[in-house]
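Thanks for sharing this one. Here are my notes, set out as numbered points to read beside the structure.

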Amino acid sequence: MTYTFNETQMTELNRLVAHYPEGKQKSALLPALHLAQDSFDGWLPTELMDYVASLLHIEPIEVYEVASFYSMFNLKPVGKFIFEVCQTGPCMISGSDDIIAYIQQQLAIKPGETTQDGVFTLKLVECLGACGYAPMMQVGKIFREHLTKEKVDSIIAEYRATVTK
Amino acid sequence: MGIKLLLDKANVPGIRGYEVYRREGGYRSVEKALKEMNPESIVEEVKKSGLRGRGGAGFPTGMKWSFIAKPEGVPRHLVCNADESEPGTFKDRYLMEFLPHLLLEGLIVSSFALGANDTYIYIRGEYAWITDILEEAINEAKANGWLGKNILGTGFECNIYVHRGAGAYICGEETALIESLEGKRGNPRIKPPFPAIQGVWQRPTVVNNVETLAAIVPIINMGGEEYAKIGVGRSTGTKLISACGNINKPGVYEIDMTISVEEFIYSDEYCGGIKGGKQLKACIPGGSSVPILPANLLLKTATGETRYMNYESLSDGGFATGSMLGSGGFIVLDEDQCIVKNTLTLARFYRHESCGQCSPCREGTGWMEKILHKIEHGHGTIADIDLLWDIQRKIEGNTICPLGDAAAWPVAAAIRHFRDEFEWHINNPVLSQTSNFGLQHYADPIHVPA
Ligand SMILES: Cc1cc2nc3c(=O)[nH]c(=O)nc-3n(C[C@H](O)[C@H](O)[C@H](O)COP(=O)(O)O)c2cc1C
Ligand code: SF4
């Protein structure tokens with residue numbers, strides 16, 4: 001498959017590249033990869049990384065090595081919504097183990113897996129900077145904090161409703 | 001009520017927007033700095049203030065600024081470190097989310113002092129909504145003449161850009177951050193050369209924490225000497241503490257550094273005591289990297305003095321009986337928490353976040369996690385404790401960047417102060433799967449392995 005940014009996405013890319021000095025357009029790589037991942041299917045297939053490389057005039061390998069280093073870039077297909085649940089110390093002492101077990105049970109998947117309908121992916125992550133509002137998870141751009149089992153139920157229902165409509 | 005210099009206006013409705021922020025006295029420090037002061041006099045004020053970096057290491061900010069190289073014709077840069085990924089730390093997030101203009105104000109003054117025209121905020125990728133808040137604030141500041149060319153008619157140009165990271169704790173380390181800003185993997189650089197000489201794009205660069213740069217605003221407004229009168233000794237000014245764990249009121253608190261640890265934990269103005277009326281077991285007072293302290297050593301030093309919430313008092317006794325103020329990430333553990341499990345999650349964190357350049361860190365963090373996993377799940381042996389001790393000692397000081405130390409210290413401190421809990425886990429492989437060591441007489445007298 002070949003990828004092409006539409007006009008809005010291209011404008012955004014140019015805005016990002018303009019943040020850096022002439023000839024230092026490689027600096028825009030992380031922002032550009034976020035844009036690419038968000039603009040298509042939520043992950044970075046090789047062809048998409050190659051496209052980003054061509055836009056920034058760098059070698060594909062420079063993109064691959066970066067994409068594989070940072071945990072927010074997905075190198076495999078993911079569900080429509082990713083539940084990224086924090087499991088580090090402060091969340092753990094505030095009960096994240098129970099929340100993780102409950103989400104696994106409700107979605108019938110293990111960490112790293114996607115539900116069969118392709119709606120949810122469960123990912124365990126390390127500290128997201130929400131320790132005072134634990135347990136928590138990130139879904140897309142937002143943090144869902146102070147999680148309880150009831151809250152998990154309603155969050156699942158909330159996202160499910162957006163796809164069944 | 002303690003003195004507040006950063007968060008005093010945080011609850012004013014609409015303070016996130018430019019109009020209210022300006023009406024409440026915002027951007028005064030930019031007027032003062034650009035019109036009445038020059039770069040050298042600003043650096044002098046910052047030196048007088050005694051401000052120490054709020055990112056974790058506590059290095060004097062004025063001194064750091066005076067190191068920046070000024071080669072002819074080479075642009076210099078200021079980079080704001082908003083990577084905030086140290087477990088327990090969420091203060092910068094609060095500041096940026098509720099007072100974005102305070103950060104911008106500090107950045108403009110600091111850029112002027114350093115002679116930097118293009119300034120970057122490197123923010124952790126997960127804080128996506130804060131990126132939006134900052135970009136909106138930047139647009140407002142630009143529209144009102146505080147950013148761009150010829151600010152206040154002085155000829156000074158300043159642009160601020162937000163650069164999103166993508167999930168890597170190591171990018172909080174300043175040279176890894178610079179690599180990441182250049183669009184590379186976050187592999188720390190070998191120093192020297194220091195960033196002040198060769199930083200981003202080989203240009204002289206200063207990297208400072210969000211809170212450090214915000215503190216420049218009150219320093220300019222009130223003067224360095226007045227600022228230095230707040231606090232105690234070399235802990236001047238105020239400090240943001242993000243408190244979490246088993247307490248009644250988790251959150252971000254601004255303290256002047258004269259209050260005791262006991263007051264911070266138990267008073268209603270701050271943490272409000274331990275949740276559910278339970279007992280305090282231990283605390284990691286300055287972010288996950290700093291040594292954990294058992295309750296007895298947290299509230300009082302080894303010599304029986306009251307322990308205070310400042311740089312000197314928290315580190316009193318060195319690592320044998322003290323800890324560090326670090327990033328201000330204050331993690332409280334109650335009587336039900338298991339030290340082995342807590343240490344395991346932190347060891348896993350550091351294994352996950354090691355960039356992999358140095359073998360002691362790359363391999364050592366993995367070994368420590370595996371051994372702790374064994375002990376936690378009832379398969380450990382007493383020799384494993386000594387092995388853990390041996391590994392952490394071989395990591396510490398033998399790596400390119402301080403992440404190695406940061407991974408070693410939590411393990412060392414857990415064994416140092418809670419060795420009998422590790423032994424109990426190992427000697428009770430079945431029981432330890434369903435119950436906790438709790439508050440059983442731990443490490444008293446304090447055990448200090450060689
Ligand atoms: C592994 C590691 C992670 C770090 N993470 C952060 C961070 O998230 N934020 C921060 O301000 N400093 C962090 N630091 C410290 C920075 O390297 C640097 O000292 C700091 O940004 C300097 O700013 P300051 O002088 O204002 O404190 C980290 C250091 C290490 C070794
Ligand atoms: S100490 Fe660890 S994180 Fe730091 S450079 Fe070495 S391998 Fe990378």
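How much area is buried between chain B and chain A, and what percentage of it do carbon and sulfur atoms give?

1. Please keep in mind that this is a predicted model. The area buried between chain B and chain A comes to about 3800 Å², and carbon and sulfur atoms give 57% of that area. Chain B brings 57 residues to the contact and chain A brings 39 residues.

2. On polar pairing, the rule finds 5 salt bridges across the interface of chain B and chain A. You may like to look at Arg348(B) and Glu126(A), whose side chains meet in a salt bridge (3.0 Å, N to O). The interface also has 24 residue pairs in polar contact, both residues being at pLDDT 80 or more.

3. Several elements of chain B supply at least two residues each to the side that touches chain A, among them α5 (91–98), β2 (116–123), α7 (128–143) and α15 (339–353). Of these, α15(B) gives the most, with 8 residues. That side of chain B divides into 26 nonpolar, 17 polar and 14 charged residues.

4. Now to the interior. The largest nonpolar core has 160 residues, and those with the most contacts inside this core are Tyr70(A), Ile42(B), Trp65(B), Leu103(B) and Phe422(B). Helix α18 (residues 403–427) of chain B provides the largest share of this core, 12 residues. A second, separate core of 26 residues includes Val261(B), Ile274(B), Leu298(B) and Leu314(B).

5. Trp65(B) deserves a look of its own. Leaving aside residues up to four places away in sequence, Trp65(B) touches residues including Ile42(B), Val46(B), Leu114(B), Asn208(B) and Ile216(B).

Definitions and conventions
Residues numbered from 1 in each chain as written. Chains lettered and ligands numbered in written order. Predicted model: local features only at pLDDT ≥ 70, side-chain atom pairs only at ≥ 80, totals over all residues. Heavy atoms only, no water. Core = buried A, V, L, I, M, F, W, Y, C linked by side-chain atoms within 4.5 Å. Buried < 20%, exposed > 50% of the residue type's maximum accessible area, 1.4 Å probe, protein only. Helix = DSSP H or I, 4+ residues; strand = E, 2+ residues; numbered from the N terminus. Contact = heavy atoms within 4.5 Å. Buried area = accessible area lost by both parts, 1.4 Å probe. Salt bridge = Lys/Arg side-chain N within 4 Å of Asp/Glu carboxyl O. Polar contact = N/O pair within 3.5 Å; in protein donor to acceptor, adjacent residues only side chain to side chain. Nonpolar A, V, L, I, M, F, W, Y, C, P; charged D, E, K, R; others polar.
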